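Got a chain on the screen and a few questions about how it is put together? Let's go through it in turns.

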Amino acid sequence: MAERTLAIMLRSVLGGAVLIALLIFSLGTALVVGLHGRGLGALNNADWSAIKFTLWQASLSASLSIAMAIPVARALARQSFPGRQALITLLGAPFILPVIVGVLGLLAVFGRAGWISAALDWAGFANLSIYGAPGVILAHVFFNLPLVTRLLLQAWMAIPAERFRVAESLGAAPWAYFRLIEGPMLRSTVPGAFLLVFLLCLTSFVVALAVGGGPRATTIELAIYQAFRLDFDLGKAASLALVQFLICGTASLLAFLVPLPQTNGLGLDRVLQRLDGRRHRLWDGFWISIAVAFLVLPLGAVLFRGLRHLLELPPQILAASVTSLTIAIISTALCLAMALSLSLAFARRGALARSLAEATGILGLASSPLVVGTGLFVLIFPYAQPMAFALPITASVNAMMALPFALRVLMPAVQETYGDYLHLRMSLGMGRWIWAKRILGPRLRRPIGFSAGLAAALSMGDIGVIALFADPDLQTLPLMLYRLMGAYRMDQAAATAVVLVVQSLFLFWMFDRGGRRHAAFG
(Lines give C-alpha, C1' and ligand atoms only; values in the text may rest on other atoms or scores of the structure.)
Protein backbone atom coordinates (compact mmCIF):
# COMPACT_ATOMS: atom_id res chain seq x y z
CA MET A 1 0.00 0.00 0.00
CA ALA A 2 2.79 2.39 0.88
CA GLU A 3 4.54 1.52 -2.38
CA ARG A 4 1.40 2.26 -4.39
CA THR A 5 0.87 5.56 -2.58
CA LEU A 6 4.48 6.54 -3.26
CA ALA A 7 4.10 5.72 -6.96
CA ILE A 8 0.93 7.83 -7.19
CA MET A 9 2.64 10.73 -5.45
CA LEU A 10 5.64 10.45 -7.77
CA ARG A 11 3.44 10.52 -10.88
CA SER A 12 1.57 13.52 -9.51
CA VAL A 13 4.79 15.37 -8.73
CA LEU A 14 6.22 14.68 -12.19
CA GLY A 15 2.99 15.66 -13.93
CA GLY A 16 2.74 18.82 -11.85
CA ALA A 17 6.35 19.72 -12.59
CA VAL A 18 5.71 19.35 -16.33
CA LEU A 19 2.61 21.53 -16.09
CA ILE A 20 4.55 24.24 -14.24
CA ALA A 21 7.42 24.07 -16.75
CA LEU A 22 4.97 24.42 -19.66
CA LEU A 23 3.22 27.35 -18.02
CA ILE A 24 6.55 29.09 -17.44
CA PHE A 25 7.73 28.37 -20.97
CA SER A 26 4.50 29.58 -22.59
CA LEU A 27 2.67 32.06 -20.36
CA GLY A 28 5.92 33.09 -18.67
CA THR A 29 7.60 34.04 -21.92
CA ALA A 30 4.39 35.75 -23.05
CA LEU A 31 4.43 37.81 -19.83
CA VAL A 32 8.06 38.79 -20.47
CA VAL A 33 7.12 39.77 -24.00
CA GLY A 34 4.25 41.88 -22.70
CA LEU A 35 6.41 43.66 -20.12
CA HIS A 36 9.12 44.50 -22.66
CA GLY A 37 6.77 45.53 -25.42
CA ARG A 38 5.94 49.13 -26.15
CA GLY A 39 2.20 48.50 -26.43
CA LEU A 40 -0.09 48.47 -29.44
CA GLY A 41 0.34 52.19 -29.88
CA ALA A 42 3.94 51.66 -30.95
CA LEU A 43 2.91 49.57 -33.98
CA ASN A 44 3.11 51.39 -37.29
CA ASN A 45 1.02 50.97 -40.43
CA ALA A 46 3.25 48.18 -41.75
CA ASP A 47 2.79 46.24 -38.51
CA TRP A 48 -0.98 46.54 -38.66
CA SER A 49 -0.87 45.46 -42.29
CA ALA A 50 1.03 42.35 -41.21
CA ILE A 51 -1.63 41.62 -38.57
CA LYS A 52 -4.44 42.03 -41.09
CA PHE A 53 -2.64 39.89 -43.68
CA THR A 54 -2.02 37.16 -41.10
CA LEU A 55 -5.72 36.92 -40.23
CA TRP A 56 -6.80 37.18 -43.88
CA GLN A 57 -4.45 34.54 -45.25
CA ALA A 58 -5.18 32.13 -42.39
CA SER A 59 -8.94 32.47 -42.94
CA LEU A 60 -8.66 32.10 -46.71
CA SER A 61 -6.18 29.20 -46.49
CA ALA A 62 -8.40 27.33 -44.03
CA SER A 63 -11.51 27.96 -46.15
CA LEU A 64 -9.84 26.74 -49.35
CA SER A 65 -8.42 23.68 -47.58
CA ILE A 66 -11.90 22.77 -46.29
CA ALA A 67 -13.57 23.46 -49.64
CA MET A 68 -11.13 21.18 -51.51
CA ALA A 69 -11.01 18.50 -48.83
CA ILE A 70 -14.79 17.89 -48.77
CA PRO A 71 -15.08 16.49 -52.34
CA VAL A 72 -11.78 14.59 -52.00
CA ALA A 73 -12.81 12.95 -48.71
CA ARG A 74 -16.27 12.20 -50.09
CA ALA A 75 -14.75 10.55 -53.16
CA LEU A 76 -12.43 8.40 -51.04
CA ALA A 77 -15.32 7.44 -48.76
CA ARG A 78 -17.60 6.15 -51.51
CA GLN A 79 -15.09 4.70 -53.99
CA SER A 80 -13.06 1.50 -53.76
CA PHE A 81 -10.07 1.02 -56.06
CA PRO A 82 -6.61 -0.59 -56.02
CA GLY A 83 -4.13 1.56 -54.11
CA ARG A 84 -6.81 3.37 -52.11
CA GLN A 85 -5.23 2.52 -48.76
CA ALA A 86 -1.78 3.54 -50.04
CA LEU A 87 -3.24 6.87 -51.16
CA ILE A 88 -4.83 7.46 -47.75
CA THR A 89 -1.46 6.72 -46.15
CA LEU A 90 0.19 9.17 -48.56
CA LEU A 91 -2.15 11.88 -47.31
CA GLY A 92 -0.29 11.81 -44.01
CA ALA A 93 3.10 12.48 -45.61
CA PRO A 94 2.90 16.30 -45.88
CA PHE A 95 2.29 16.57 -42.13
CA ILE A 96 5.71 15.07 -41.33
CA LEU A 97 7.38 16.52 -44.41
CA PRO A 98 9.75 19.44 -43.66
CA VAL A 99 7.88 22.58 -44.65
CA ILE A 100 10.83 24.11 -46.46
CA VAL A 101 11.02 21.02 -48.71
CA GLY A 102 7.36 21.36 -49.62
CA VAL A 103 7.89 25.03 -50.46
CA LEU A 104 10.84 24.13 -52.68
CA GLY A 105 8.65 21.57 -54.44
CA LEU A 106 5.89 24.11 -55.03
CA LEU A 107 8.43 26.52 -56.52
CA ALA A 108 9.69 23.73 -58.78
CA VAL A 109 6.18 23.26 -60.17
CA PHE A 110 4.50 26.67 -59.86
CA GLY A 111 7.47 29.08 -59.68
CA ARG A 112 8.81 31.29 -62.43
CA ALA A 113 11.27 28.58 -63.49
CA GLY A 114 8.88 25.74 -62.69
CA TRP A 115 7.21 23.16 -64.85
CA ILE A 116 3.97 25.11 -65.38
CA SER A 117 5.82 28.32 -66.24
CA ALA A 118 7.94 26.40 -68.76
CA ALA A 119 4.77 25.09 -70.41
CA LEU A 120 3.22 28.59 -70.42
CA ASP A 121 6.41 30.07 -71.87
CA TRP A 122 6.39 27.44 -74.63
CA ALA A 123 2.79 28.35 -75.41
CA GLY A 124 3.63 32.06 -75.52
CA PHE A 125 2.10 33.10 -72.17
CA ALA A 126 3.65 34.91 -69.22
CA ASN A 127 5.33 32.94 -66.46
CA LEU A 128 3.72 32.35 -63.08
CA SER A 129 4.92 34.02 -59.90
CA ILE A 130 3.81 32.61 -56.56
CA TYR A 131 5.85 34.88 -54.33
CA GLY A 132 3.70 36.93 -52.00
CA ALA A 133 0.14 36.17 -50.97
CA PRO A 134 -0.54 33.54 -53.70
CA GLY A 135 2.48 31.52 -52.62
CA VAL A 136 1.61 31.69 -48.93
CA ILE A 137 -1.95 30.52 -49.54
CA LEU A 138 -0.91 27.84 -52.05
CA ALA A 139 1.64 26.42 -49.63
CA HIS A 140 -0.84 26.39 -46.75
CA VAL A 141 -3.42 24.54 -48.84
CA PHE A 142 -0.73 22.06 -49.93
CA PHE A 143 0.16 21.20 -46.34
CA ASN A 144 -3.32 21.35 -44.82
CA LEU A 145 -5.45 19.73 -47.54
CA PRO A 146 -4.22 16.20 -46.64
CA LEU A 147 -4.79 16.82 -42.92
CA VAL A 148 -8.37 18.04 -43.42
CA THR A 149 -9.06 15.22 -45.87
CA ARG A 150 -7.97 12.65 -43.29
CA LEU A 151 -10.15 14.28 -40.60
CA LEU A 152 -13.22 14.42 -42.86
CA LEU A 153 -12.63 10.92 -44.21
CA GLN A 154 -12.52 9.53 -40.68
CA ALA A 155 -15.83 11.25 -39.91
CA TRP A 156 -17.36 9.99 -43.16
CA MET A 157 -16.33 6.41 -42.44
CA ALA A 158 -17.85 6.69 -38.95
CA ILE A 159 -21.35 7.18 -40.38
CA PRO A 160 -23.29 3.93 -39.87
CA ALA A 161 -23.49 2.03 -43.16
CA GLU A 162 -27.16 1.27 -42.50
CA ARG A 163 -28.08 4.90 -43.19
CA PHE A 164 -26.73 4.69 -46.73
CA ARG A 165 -28.46 1.34 -47.26
CA VAL A 166 -31.81 2.81 -46.21
CA ALA A 167 -31.29 5.87 -48.41
CA GLU A 168 -30.43 3.68 -51.39
CA SER A 169 -33.44 1.42 -50.84
CA LEU A 170 -35.68 4.50 -50.77
CA GLY A 171 -34.16 5.83 -53.99
CA ALA A 172 -32.88 9.00 -52.36
CA ALA A 173 -31.50 11.72 -54.63
CA PRO A 174 -27.90 12.99 -54.22
CA TRP A 175 -29.15 16.13 -52.50
CA ALA A 176 -31.10 14.02 -50.00
CA TYR A 177 -27.94 12.03 -49.24
CA PHE A 178 -26.14 15.26 -48.44
CA ARG A 179 -28.97 16.98 -46.54
CA LEU A 180 -29.96 14.06 -44.34
CA ILE A 181 -26.75 12.07 -43.84
CA GLU A 182 -23.58 13.90 -44.86
CA GLY A 183 -24.58 17.46 -44.02
CA PRO A 184 -25.08 16.89 -40.26
CA MET A 185 -21.70 15.14 -40.09
CA LEU A 186 -19.98 18.05 -41.84
CA ARG A 187 -21.65 20.59 -39.54
CA SER A 188 -20.13 18.84 -36.54
CA THR A 189 -16.70 18.25 -38.11
CA VAL A 190 -15.89 21.29 -40.24
CA PRO A 191 -15.75 23.94 -37.45
CA GLY A 192 -13.07 22.04 -35.53
CA ALA A 193 -11.10 21.30 -38.69
CA PHE A 194 -11.32 24.96 -39.75
CA LEU A 195 -10.03 26.21 -36.39
CA LEU A 196 -7.17 23.70 -36.43
CA VAL A 197 -6.03 24.75 -39.91
CA PHE A 198 -6.54 28.41 -39.04
CA LEU A 199 -4.25 28.01 -36.03
CA LEU A 200 -1.61 26.16 -38.06
CA CYS A 201 -1.65 28.93 -40.68
CA LEU A 202 -1.25 31.59 -37.99
CA THR A 203 1.99 29.98 -36.78
CA SER A 204 3.39 28.99 -40.20
CA PHE A 205 6.62 30.95 -40.11
CA VAL A 206 8.63 29.00 -42.71
CA VAL A 207 6.09 29.51 -45.50
CA ALA A 208 6.03 33.27 -45.01
CA LEU A 209 9.82 33.35 -44.75
CA ALA A 210 10.33 31.46 -48.00
CA VAL A 211 7.62 32.84 -50.32
CA GLY A 212 6.10 35.77 -48.39
CA GLY A 213 7.56 39.12 -47.47
CA GLY A 214 7.09 42.54 -48.96
CA PRO A 215 4.60 45.16 -47.79
CA ARG A 216 1.54 43.08 -48.72
CA ALA A 217 2.62 39.54 -47.74
CA THR A 218 4.25 39.83 -44.32
CA THR A 219 2.82 37.80 -41.46
CA ILE A 220 3.19 38.70 -37.78
CA GLU A 221 5.87 36.04 -37.22
CA LEU A 222 7.82 37.24 -40.25
CA ALA A 223 7.58 40.80 -38.90
CA ILE A 224 8.95 39.56 -35.54
CA TYR A 225 11.85 37.90 -37.34
CA GLN A 226 12.58 41.05 -39.34
CA ALA A 227 12.48 43.18 -36.19
CA PHE A 228 15.12 40.86 -34.71
CA ARG A 229 17.38 40.18 -37.65
CA LEU A 230 17.16 43.42 -39.61
CA ASP A 231 16.46 46.13 -37.01
CA PHE A 232 17.34 44.41 -33.72
CA ASP A 233 14.40 46.26 -32.22
CA LEU A 234 13.50 44.06 -29.23
CA GLY A 235 10.68 46.36 -28.11
CA LYS A 236 8.93 46.16 -31.46
CA ALA A 237 9.51 42.41 -31.66
CA ALA A 238 8.01 42.02 -28.19
CA SER A 239 4.93 44.08 -29.09
CA LEU A 240 4.33 41.99 -32.21
CA ALA A 241 4.91 38.77 -30.25
CA LEU A 242 2.28 39.84 -27.72
CA VAL A 243 -0.26 40.38 -30.53
CA GLN A 244 0.63 36.98 -31.98
CA PHE A 245 0.14 35.32 -28.59
CA LEU A 246 -3.27 36.95 -28.10
CA ILE A 247 -4.47 35.91 -31.57
CA CYS A 248 -3.14 32.34 -31.32
CA GLY A 249 -4.35 32.00 -27.73
CA THR A 250 -7.88 32.98 -28.77
CA ALA A 251 -7.83 30.56 -31.71
CA SER A 252 -6.46 27.77 -29.47
CA LEU A 253 -9.16 28.38 -26.87
CA LEU A 254 -11.88 28.20 -29.53
CA ALA A 255 -10.35 25.04 -30.99
CA PHE A 256 -10.22 23.46 -27.54
CA LEU A 257 -13.83 24.39 -26.74
CA VAL A 258 -15.23 23.00 -29.98
CA PRO A 259 -16.44 19.45 -29.19
CA LEU A 260 -14.94 16.49 -30.99
CA PRO A 261 -16.98 15.22 -33.98
CA GLN A 262 -19.60 12.64 -33.02
CA THR A 263 -21.89 10.40 -35.04
CA ASN A 264 -25.45 10.34 -33.80
CA GLY A 265 -27.20 7.02 -33.61
CA LEU A 266 -26.07 3.44 -33.51
CA GLY A 267 -25.10 1.13 -36.35
CA LEU A 268 -23.88 -2.42 -36.77
CA ASP A 269 -20.26 -1.30 -37.37
CA ARG A 270 -20.21 -2.72 -40.88
CA VAL A 271 -17.64 -1.57 -43.41
CA LEU A 272 -19.04 1.51 -45.12
CA GLN A 273 -20.44 0.55 -48.52
CA ARG A 274 -21.73 3.26 -50.82
CA LEU A 275 -23.97 1.81 -53.50
CA ASP A 276 -24.31 5.28 -55.03
CA GLY A 277 -20.58 5.37 -55.80
CA ARG A 278 -21.10 4.06 -59.32
CA ARG A 279 -23.14 7.11 -60.31
CA HIS A 280 -20.32 9.45 -59.25
CA ARG A 281 -17.27 7.49 -60.40
CA LEU A 282 -16.08 10.05 -62.97
CA TRP A 283 -16.62 13.04 -60.66
CA ASP A 284 -14.92 11.32 -57.76
CA GLY A 285 -12.06 10.21 -59.99
CA PHE A 286 -11.55 13.83 -61.05
CA TRP A 287 -11.17 15.05 -57.46
CA ILE A 288 -8.93 12.18 -56.44
CA SER A 289 -6.70 12.81 -59.46
CA ILE A 290 -6.47 16.53 -58.67
CA ALA A 291 -5.49 15.80 -55.07
CA VAL A 292 -2.88 13.22 -56.08
CA ALA A 293 -1.33 15.53 -58.68
CA PHE A 294 -1.32 18.47 -56.26
CA LEU A 295 0.51 16.44 -53.61
CA VAL A 296 2.78 14.21 -55.68
CA LEU A 297 4.08 16.58 -58.36
CA PRO A 298 5.91 19.02 -56.01
CA LEU A 299 7.52 16.20 -54.07
CA GLY A 300 8.44 14.40 -57.27
CA ALA A 301 9.96 17.57 -58.68
CA VAL A 302 12.23 18.01 -55.64
CA LEU A 303 13.34 14.37 -55.60
CA PHE A 304 13.90 14.27 -59.37
CA ARG A 305 16.08 17.38 -59.32
CA GLY A 306 17.82 16.59 -56.06
CA LEU A 307 18.85 13.05 -56.97
CA ARG A 308 20.58 14.35 -60.10
CA HIS A 309 22.69 16.79 -58.06
CA LEU A 310 23.56 14.77 -54.98
CA LEU A 311 27.24 14.99 -55.85
CA GLU A 312 27.00 18.80 -55.64
CA LEU A 313 26.04 18.84 -51.95
CA PRO A 314 27.79 21.63 -50.00
CA PRO A 315 30.65 20.51 -47.73
CA GLN A 316 28.77 21.66 -44.61
CA ILE A 317 26.09 19.00 -45.14
CA LEU A 318 27.61 16.57 -42.63
CA ALA A 319 27.83 19.12 -39.80
CA ALA A 320 24.29 20.35 -40.55
CA SER A 321 22.99 16.76 -40.50
CA VAL A 322 24.62 16.03 -37.15
CA THR A 323 23.20 19.25 -35.67
CA SER A 324 19.68 18.52 -36.94
CA LEU A 325 19.79 14.92 -35.72
CA THR A 326 21.08 16.00 -32.31
CA ILE A 327 18.29 18.58 -31.90
CA ALA A 328 15.67 16.07 -33.09
CA ILE A 329 16.76 13.32 -30.69
CA ILE A 330 16.94 15.65 -27.68
CA SER A 331 13.59 17.20 -28.61
CA THR A 332 11.98 13.76 -28.99
CA ALA A 333 13.25 12.61 -25.60
CA LEU A 334 11.94 15.78 -23.91
CA CYS A 335 8.58 15.53 -25.66
CA LEU A 336 8.09 11.89 -24.66
CA ALA A 337 9.13 12.59 -21.06
CA MET A 338 6.58 15.40 -20.78
CA ALA A 339 3.80 13.53 -22.59
CA LEU A 340 4.25 10.36 -20.53
CA SER A 341 4.43 12.30 -17.26
CA LEU A 342 1.20 14.15 -18.04
CA SER A 343 -0.57 11.04 -19.35
CA LEU A 344 0.34 8.86 -16.37
CA ALA A 345 -0.50 11.62 -13.90
CA PHE A 346 -3.85 12.73 -15.33
CA ALA A 347 -5.28 9.94 -17.52
CA ARG A 348 -6.89 8.22 -14.51
CA ARG A 349 -8.33 11.40 -13.08
CA GLY A 350 -11.57 13.07 -14.04
CA ALA A 351 -12.39 14.71 -17.35
CA LEU A 352 -11.57 18.14 -15.92
CA ALA A 353 -8.02 17.10 -14.99
CA ARG A 354 -7.44 15.51 -18.40
CA SER A 355 -8.76 18.62 -20.11
CA LEU A 356 -6.42 20.76 -18.00
CA ALA A 357 -3.43 18.66 -19.04
CA GLU A 358 -4.35 18.79 -22.73
CA ALA A 359 -5.11 22.51 -22.54
CA THR A 360 -1.70 23.17 -21.00
CA GLY A 361 -0.10 21.15 -23.80
CA ILE A 362 -1.94 23.24 -26.39
CA LEU A 363 -0.31 26.36 -24.90
CA GLY A 364 2.70 25.49 -27.04
CA LEU A 365 0.66 26.07 -30.17
CA ALA A 366 -0.90 29.19 -28.71
CA SER A 367 2.49 30.69 -27.94
CA SER A 368 4.09 29.80 -31.29
CA PRO A 369 7.86 29.21 -31.51
CA LEU A 370 8.74 32.81 -32.30
CA VAL A 371 6.77 34.17 -29.35
CA VAL A 372 8.58 31.79 -26.99
CA GLY A 373 11.88 32.55 -28.70
CA THR A 374 11.29 36.28 -28.35
CA GLY A 375 10.62 35.98 -24.63
CA LEU A 376 13.68 33.79 -24.05
CA PHE A 377 15.87 36.13 -26.11
CA VAL A 378 14.72 39.14 -24.07
CA LEU A 379 15.39 37.23 -20.84
CA ILE A 380 18.88 36.01 -21.79
CA PHE A 381 20.20 39.03 -23.66
CA PRO A 382 21.08 41.26 -20.66
CA TYR A 383 23.11 38.50 -19.01
CA ALA A 384 24.61 36.30 -21.72
CA GLN A 385 24.97 35.83 -25.46
CA PRO A 386 21.68 34.20 -26.64
CA MET A 387 23.47 32.54 -29.60
CA ALA A 388 25.27 30.23 -27.16
CA PHE A 389 21.91 28.72 -26.12
CA ALA A 390 20.62 28.10 -29.65
CA LEU A 391 20.66 24.28 -29.54
CA PRO A 392 19.07 23.62 -26.11
CA ILE A 393 16.43 26.31 -26.63
CA THR A 394 15.57 25.00 -30.09
CA ALA A 395 15.27 21.42 -28.80
CA SER A 396 13.07 22.54 -25.88
CA VAL A 397 10.74 24.64 -28.03
CA ASN A 398 10.45 21.87 -30.64
CA ALA A 399 9.49 19.44 -27.86
CA MET A 400 6.79 21.82 -26.65
CA MET A 401 5.43 22.25 -30.19
CA ALA A 402 5.12 18.46 -30.65
CA LEU A 403 3.62 17.88 -27.20
CA PRO A 404 -0.08 18.43 -28.15
CA PHE A 405 0.15 15.73 -30.83
CA ALA A 406 1.94 13.30 -28.51
CA LEU A 407 -0.69 13.87 -25.80
CA ARG A 408 -3.48 13.16 -28.27
CA VAL A 409 -1.89 9.77 -28.96
CA LEU A 410 -0.68 8.78 -25.48
CA MET A 411 -3.46 10.03 -23.18
CA PRO A 412 -6.21 7.76 -24.60
CA ALA A 413 -3.84 4.76 -24.67
CA VAL A 414 -2.90 5.18 -21.00
CA GLN A 415 -6.52 5.75 -20.02
CA GLU A 416 -7.68 2.64 -21.90
CA THR A 417 -4.93 0.45 -20.38
CA TYR A 418 -5.73 1.50 -16.83
CA GLY A 419 -9.45 1.06 -17.46
CA ASP A 420 -9.02 -2.47 -18.84
CA TYR A 421 -6.36 -3.88 -16.53
CA LEU A 422 -6.25 -1.90 -13.28
CA HIS A 423 -8.75 -4.16 -11.50
CA LEU A 424 -6.75 -7.21 -12.60
CA ARG A 425 -3.58 -5.66 -11.18
CA MET A 426 -5.22 -4.91 -7.86
CA SER A 427 -6.76 -8.39 -7.57
CA LEU A 428 -3.39 -10.04 -8.24
CA GLY A 429 -1.44 -7.64 -6.02
CA MET A 430 0.87 -6.91 -8.95
CA GLY A 431 3.89 -4.71 -8.18
CA ARG A 432 4.54 -1.57 -10.20
CA TRP A 433 7.59 -3.00 -11.99
CA ILE A 434 5.72 -6.11 -13.14
CA TRP A 435 2.78 -3.90 -14.09
CA ALA A 436 5.04 -1.63 -16.14
CA LYS A 437 6.90 -4.53 -17.79
CA ARG A 438 4.04 -6.93 -18.50
CA ILE A 439 0.96 -4.73 -18.94
CA LEU A 440 1.59 -1.01 -19.34
CA GLY A 441 4.81 -1.10 -21.36
CA PRO A 442 3.72 -3.49 -24.14
CA ARG A 443 0.48 -1.59 -24.67
CA LEU A 444 2.16 1.81 -24.83
CA ARG A 445 5.04 0.89 -27.15
CA ARG A 446 3.02 1.48 -30.30
CA PRO A 447 1.71 4.96 -29.35
CA ILE A 448 5.11 5.85 -27.87
CA GLY A 449 6.83 4.83 -31.10
CA PHE A 450 4.39 6.81 -33.24
CA SER A 451 4.64 9.87 -30.98
CA ALA A 452 8.44 9.70 -31.02
CA GLY A 453 8.53 9.43 -34.80
CA LEU A 454 6.17 12.37 -35.18
CA ALA A 455 8.14 14.54 -32.74
CA ALA A 456 11.46 13.68 -34.43
CA ALA A 457 10.17 14.41 -37.93
CA LEU A 458 8.61 17.73 -36.88
CA SER A 459 11.84 18.76 -35.16
CA MET A 460 13.98 17.83 -38.18
CA GLY A 461 12.07 20.22 -40.41
CA ASP A 462 11.79 23.19 -38.05
CA ILE A 463 13.29 26.57 -38.80
CA GLY A 464 11.45 28.67 -36.17
CA VAL A 465 13.55 29.40 -33.11
CA ILE A 466 16.86 28.41 -34.69
CA ALA A 467 16.38 31.28 -37.16
CA LEU A 468 16.35 33.74 -34.23
CA PHE A 469 19.23 32.30 -32.22
CA ALA A 470 21.58 30.80 -34.79
CA ASP A 471 24.73 32.64 -35.77
CA PRO A 472 25.95 32.40 -39.40
CA ASP A 473 28.28 29.51 -38.55
CA LEU A 474 25.55 27.30 -37.07
CA GLN A 475 23.79 25.19 -39.66
CA THR A 476 20.85 22.83 -39.55
CA LEU A 477 19.56 21.10 -42.65
CA PRO A 478 16.39 23.26 -42.99
CA LEU A 479 18.39 26.43 -42.31
CA MET A 480 21.00 25.42 -44.88
CA LEU A 481 18.26 24.68 -47.39
CA TYR A 482 16.70 28.09 -46.87
CA ARG A 483 20.04 29.85 -47.23
CA LEU A 484 20.78 27.95 -50.46
CA MET A 485 17.37 28.97 -51.83
CA GLY A 486 18.08 32.59 -50.87
CA ALA A 487 21.37 32.40 -52.78
CA TYR A 488 19.56 30.92 -55.84
CA ARG A 489 21.65 27.74 -55.65
CA MET A 490 18.60 25.67 -56.44
CA ASP A 491 20.42 22.51 -57.54
CA GLN A 492 22.26 22.27 -54.24
CA ALA A 493 19.04 23.20 -52.42
CA ALA A 494 17.22 20.31 -54.10
CA ALA A 495 20.01 17.89 -53.17
CA THR A 496 19.93 19.12 -49.57
CA ALA A 497 16.15 18.67 -49.58
CA VAL A 498 16.60 15.02 -50.56
CA VAL A 499 18.95 14.48 -47.61
CA LEU A 500 16.52 16.25 -45.26
CA VAL A 501 13.53 14.21 -46.45
CA VAL A 502 15.43 10.93 -46.18
CA GLN A 503 16.61 11.68 -42.64
CA SER A 504 13.16 12.91 -41.51
CA LEU A 505 11.34 9.88 -42.92
CA PHE A 506 14.03 7.54 -41.56
CA LEU A 507 13.64 8.93 -38.05
CA PHE A 508 9.86 8.63 -38.25
CA TRP A 509 10.07 5.07 -39.63
CA MET A 510 12.70 4.02 -37.10
CA PHE A 511 10.70 5.14 -34.05
CA ASP A 512 7.33 4.09 -35.42
CA ARG A 513 8.59 0.71 -36.61
CA GLY A 514 10.37 0.15 -33.32
CA GLY A 515 7.14 0.76 -31.42
CA ARG A 516 5.10 -1.53 -33.66
CA ARG A 517 7.72 -4.28 -33.74
CA HIS A 518 7.79 -4.80 -29.99
CA ALA A 519 4.22 -3.79 -29.21
CA ALA A 520 1.67 -6.14 -27.79
CA PHE A 521 -0.64 -7.74 -30.35
CA GLY A 522 1.68 -6.87 -33.29
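## Helices, cores and salt bridges

Reader: What share of the 522 residues in the chain is buried?
Author: First, a caution: this is a predicted model, where local features need pLDDT of at least 70 and side-chain atom pairs count only at pLDDT 80 or more, while totals for chains, interfaces and linings use all residues. Residues are numbered from 1 along each chain as its sequence is written, and side-chain values use heavy atoms, with hydrogens and water left out. Buried means under 20% relative accessible area, exposed over 50%, and partly exposed in between (1.4 Å probe, protein chains only). On that scale, the buried share of the 522 residues is 52%.

Reader: And how many helices and strands does the secondary structure come to?
Author: Both kinds of element are DSSP runs numbered from the N terminus: helices are H or I with at least four residues, strands are E with at least two. Counted that way, the chain has zero strands and 21 helices.

Reader: Which residues touch the most other members of the largest nonpolar core?
Author: A nonpolar core here is a set of buried Ala, Val, Leu, Ile, Met, Phe, Trp, Tyr and Cys residues joined through side-chain atoms within 4.5 Å. The largest one has 137 residues, and those touching the most other members are Ile 100, Val 101, Phe 205 and Leu 481.

Reader: Which helix gives the most to this core?
Author: The top contribution to this core is 13 residues. They come from the helix spanning residues 133-157, which is H7.

Reader: Leaving out residues up to four places away in sequence, what does Val 101 touch?
Author: Contact means heavy atoms within 4.5 Å. With the sequence neighbours up to four places away not counted, the partners of Val 101 are Val 302, Leu 481, Ala 497, Leu 500 and Val 501.

Reader: How many residues are in the second, separate core?
Author: Its members include Ala 413, Tyr 418, Trp 435 and Leu 444. The full count for this second core is nine.

Reader: What percentage of the contacts with a separation of 6 or more comes from residues 24 or more positions apart?
Author: Take the contacts in the chain with a separation of 6 or more. Those between residues 24 or more positions apart account for 83%.

Reader: Is Glu 221 buried or exposed?
Author: Glu 221 sits in helix H11 (residues 220-231). Beyond four places in sequence, Glu 221 touches eight residues' worth of neighbours that include Leu 202, Thr 203, Gln 244 and Pro 369. Its relative accessible area is 2%, so Glu 221 counts as buried.

Reader: How many salt bridges does the structure hold?
Author: The test is a side-chain nitrogen of Lys or Arg within 4 Å of a carboxyl oxygen of Asp or Glu. One of the pairs that pass is Lys 236 with Asp 47. The total in the structure is three.

Reader: How many residues apart are Lys 236 and Asp 47?
Author: The closest N and O atoms of Lys 236 and Asp 47 are 3.4 Å apart, and both residues are buried. Lys 236 is in helix H12 (residues 234-257) and Asp 47 in helix H2 (residues 45-78). The pair links distant parts of the chain, with a sequence separation of 189 residues.

Reader: Which helices does the pair of Arg 78 and Asp 284 link?
Author: Arg 78 and Asp 284 form a salt bridge with closest N and O atoms 2.7 Å apart. Arg 78 is buried because its relative accessibility is 6%, and Asp 284 is buried because its value is 1%. The two are 206 residues apart, and the helices linked are H2 and H13.

Reader: Is Arg 305 buried or partly exposed?
Author: Arg 305 in helix H13 pairs with Asp 491 in helix H21 (residues 490-517), the closest N and O atoms being 2.8 Å apart. Asp 491 has 26% relative accessibility and so counts as partly exposed. At 31%, Arg 305 is likewise partly exposed.

Reader: How many disulfides does the structure hold?
Author: A disulfide would need a pair of cysteine sulfur atoms within 2.5 Å. The number found in the structure is zero.
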